[in-house]
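Student: I should like to examine this model by asking, for each term, what justifies its use.

Tutor: Then let us set each value against its criterion.

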Amino acid sequence: MHIADQLLQLLFTGLTLGSIYSLIALALVTTFNITGILNLAQGEFVALGALLAVSMYAAGMPMAAAFTVSVLLVAMLGGFLERFAIHTARGASGLTLIIITIGLSISLRGLALLIWGTETYSLPAFSKGGPLFIGGAAVNPQSLWIFGLTAITLAGLYAFFELTYWGKAVKASVINRAAARLVGINPHTVSFLAFTASGALGAAAGIFIAPITMTTYDMGFMLGLKGFVAAVIGGLSNVGGAVLGGILLGILESYSAGLISSGLKDAIAIIILLAVLLIRPEGIIGAIRERKI
Amino acid sequence: MLLEVKGLTKFFGGVAAVKDVGFKVSKGSIFALIGPNGAGKTTIFNLITGALPPDSGTIRFEGRQLVGLKPYQIAAAGITRTFQNLQLFSGMTVLENVLTGAYLKGRTGFVKSLFCLPSKNREDKRIKEEALALLEEIGLEEAAGLPAAALPFGQQRLLEIARALASGPRLVLLDEPAAGLNSTETRSLAAYLKKLREKGLTMLLIEHDMETVMEVADRVLVLNFGHVIAEGTPQEVQADPEVIKAYLGEDDQVA
Amino acid sequence: MWKKAILRPAAVLLLFAVPLLIKSNYLLSILIVIGLYTIIVQGLGILMGYAGQVSFGHAAFFGLGGYTVAILTTRFHWPTVLALPAAALLPGVIAAIIGRPTLKLRELYLALATLGFGILVHIAFTEGKELTGGPSGITGIPYLSIGGLTFDSDIKFFYLVWITLFLILAGINNLVRSRVGRALRAISESEHAAENAGIDTAKLKLQAFIFSALLAGLAGGLYAFYVTFISPSPFGFHASVQFVLMAVIGGLGTFWGPLLGAAVVVTLGEFLRWAVPLVIPGAGGEYQIIFFGLILVLLMIFRPEGLGALGKCLKLSPEKMPGTGIPSKDI
Ligand SMILES: Nc1ncnc2c1ncn2[C@@H]1O[C@H](COP(=O)(O)OP(=O)(O)OP(=O)(O)O)[C@@H](O)[C@H]1O
Ligand SMILES: [Mg+2]
């Protein structure tokens, strides 16, 4: 393989990875914007979505049905967790809420371990046929599905928040709780819906990537963390920034794994996270309103 | 002059909360800052104590430039404060609050604190005695062992003052110390402030209650929308047409 | 007063008679593990309960201590007495380096930066093959010997760990009642007011962070000498969460909280390992984290002050809980 082809190949791999991270980052940023909570259990939604679909497909369900049912189930789980933990603990400090989402995340992972064990599962690709060739590089058709889902999600979120009445009202309610009541928005309902939607989005992302990644009970942890890194790069409260951050992270990972060492793949994301947090904290801290003395 | 403030300016997102404010405070006096809500009084305290960095201006205390110092360094230079919205250590007892206020009187560091050293015990004993004496002076000795959060509001304000005095500062900034006090409490507070002044302590006082200001202040600075609109003795300021206008304007809004 | 003077030494004596009373090595090893974890959680408790700063990366310091001992004794053939202090020192130095920028971050960001640090160190353990032996780790760590005494049995190790633990407890008891202890609590209550009292909050937070890293490293070094084998798996993110869980369960800012928390979590883990397969046959692996996660969530929702506070409700020695206010007679 020519070096140019190899670089192109790594770029496509990076774009695929990046789209996955972007999807997770979009779910994180949306919940963060609406509720002020960073849901560290988001990655588990991804893993559970994929694992549920794998089981249902293996049990003989058609792919479309397995997809729908598993997205619905994880959406319900997201909503349930919001009611059970987040809503019950409302008014607690930010730190308490982080610890709660971390607790939820490790519980869900333990549950997945109990049900699915440590085996690696997989789903067949959504569309038949071999890879497409662009230049000298192969593109897996499943990557196109993932790009598509990312594009639709981004467009959907944008349209909802910028163009619809309810989207704008939700945005306003985040800025001003009193105004929310005026336009008939109940913050508790909005928080519930945000977690439900992020459950659905996480599960959909998990099922889309299941054909090209190893589906295991613990896949959610690193995915969730990388989604967070993508969101931090993008400024944490910025939907477009989350997608850019995800793509950037994916490409960086792909090149460093391909050109330096594959063991570095996970380290890269963490190094970027620490670098952004420590060197440019003002870039992200701006997202939190300054406390009055 | 103990404190000299010049050209002090602070913007919050394009709006000037404090604009080109200057004043001088002489040693052993009570200097009052008054003005309508949002005039920038608390912001000036935040700038002097280093809680916020000024956009421009200088603050000299005993000839030393304070701008750029960290809040704890400014405290060590001899300036402490109370907070408009009380910031007591509510999980601690009354005595512990004062002991913490006296932090600067101690020397024992982290490592030494792990051991039971005679020098540390001597230091603890001395600081505790001084703290108890201070509590007695301010009338809180009975409450020394109570959790700070259990005190009635008026006593919490007194405790904040005691905590601010505990390190032996040369300038104390009091942010609305009489807010929420009844008239008896307010009068005894005024008397206490005068007593502190007799001992040579200098105070900056933010206060809405005009009667208290007229009674205790040596000089008064009037702010409106971040600007100085008048400065002088209480009598001069009271007669100033600008001041009357600012206050009447505010009354109109309130009514 | 006289009651306390008798009760405390009696409790200590009882504890030190434990190895003579129980003959089971299994129980003894659990007590050793509880002791080691308590050492870590005491440091973490100072950081979280007093200075008010969270860390989701303390397993990294624990691991750094362990690997320091493993590498120095097996690769560089250091004497074991020197390797142990090095195990505390190295994490302390690393904490000093990363602490200053990290501790500027607040809440969410601090949680994530420490979490990231923990994962990064864990990756280094797995990937640094030449030095750390990769996923399979390092075997053949010698027994610790101090002077002529070699700690080659569970009984000896029990005494080593618990005496160390009591010395640390005594130190922390002094610390929390001191000027510095009050200053640390002041930081978690109101940083503005603390600074205004002349407390260099950044420096003090850093000192608490370094102190907690030293203790975690010390525990890691002792752990390596105890199991004589080390691999990356006990030092991952789950371990960090478990330490936070122990600190929170026992009650933040309380004196006995760390011991209580470590004992509850370790015992519960052992119990679940025994009980769950009885209920769900064929269950294997680390599923007990389901319960740890749930307990953490329930605790944060309903009892953020920890189980230690139950003791207070039962009037069990409230004077031992400076975090909730020392009654004046004790100062
Ligand atoms: N940290 C901050 N961030 C943004 N704006 C601020 C901040 N602190 C104060 N302000 C704004 O600056 C202006 C002056 O506020 P400041 O608290 O100094 O007023 P004040 O004179 O103390 O009023 P009051 O009598 O109500 O206490 C106000 O408009 C306030 O909203
Ligand atoms: Mg004010």
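Student: What makes strand β4 (residues 56-61) of chain B and β5(B) a pair?

Tutor: Two strands pair if DSSP finds at least two bridges between them, and β4(B) and β5(B) are joined in the antiparallel sense over 2 bridges. The criterion is therefore met. Strands themselves are DSSP runs of E with at least two residues, helices are runs of H or I with at least four, and both are numbered from the N terminus. Within this pair, B:Phe61 stands opposite B:Arg64, and B:Arg60 stands opposite B:Gln65. The two strands form a hairpin with 2 residues between them, in which B:Glu62 takes a positive phi near 50°.

Student: On what conventions does this description rest?

Tutor: The model is predicted, so local features need pLDDT of at least 70 and side-chain atom pairs count only at pLDDT 80 or more, while totals for chains, interfaces and linings use all residues. Residues are numbered from 1 along each chain as its sequence is written, chains are lettered from A and ligands numbered from 1 in the order in which they are written, and side-chain values use heavy atoms, with hydrogens and water left out.

Student: Why are β2 (15-25) and β5 (64-65) of chain B called edge strands?

Tutor: The open, antiparallel sheet has the order β2-β1-β4-β5 in chain B. β2(B) and β5(B) each have a single partner strand, so one side of each is left without a neighbour in the sheet. Elsewhere in this sheet, β1(B) and β4(B) are joined by 5 antiparallel bridges, with B:Val5 opposite B:Ile59.

Student: What does helix α1 (residues 41-48) of chain B touch in that sheet?

Tutor: Helix α1(B) touches β1 (3-12), β2 and β4 of chain B, where contact means heavy atoms within 4.5 Å. Its direction makes about 70° with that of β2(B); axes are lines fitted to C-alpha atoms, for helices over the stretch in contact, and angles run from 0 to 180 degrees between N-to-C directions.

Student: Which residues are closest to ligand 1?

Tutor: They are B:Gly38, B:Lys41, B:Thr42, B:Thr43 and B:Gln84, among 13 residues that surround the ligand; a residue counts as near if one of its heavy atoms lies within 4 Å. The largest share of this shell, 3 residues, comes from α1(B). Ligand 1 lies between chains A and B.

Student: How do you know that B:Gly38 makes a polar contact with ligand 1?

Tutor: A polar contact is a pair of N or O atoms within 3.5 Å; within protein, one must be able to donate a hydrogen and the other to accept it, and residues adjacent in sequence count only if both atoms are side-chain atoms. A backbone N or O atom of B:Gly38 lies 2.8 Å from an oxygen atom of the ligand, so the pair qualifies. A backbone N or O atom of B:Ala39 lies 3.2 Å from a ligand oxygen, and a side-chain N or O atom of B:Gln84 lies 2.8 Å from one. The protein covers 74% of the 630 Å² of accessible area that ligand 1 has on its own, computed by the Shrake-Rupley method with a 1.4 Å probe; for residues, only the protein chains shown count as cover.

Student: Why is strand β9 (residues 219-224) of chain B described as largely enclosed?

Tutor: Buried means under 20% relative accessible area, exposed over 50%, and partly exposed in between (1.4 Å probe, protein chains only). In β9(B), 5 of the 6 residues are buried, so the strand is largely enclosed by the rest of the structure. β9(B) is joined to β3 (residues 30-34) of chain B by 4 parallel bridges, and to β10 (residues 227-232) of chain B by 5 antiparallel bridges. B:Leu33 has B:Leu221 as its bridge partner, and B:Val220 has B:Gly232.

Student: What makes the pairing of the sheet β6-β7-β8-β3-β9-β10 in chain B mixed or uniform?

Tutor: The pairing of this open sheet of 6 strands is mixed. Parallel bridges, 5 of them, join β7 (residues 171-175) to β8 (residues 202-206) of chain B, whereas β9(B) and β10(B) run antiparallel. Helix α6 (residues 153-165) of chain B lies across β6 and β7, at about 160° to β7(B).
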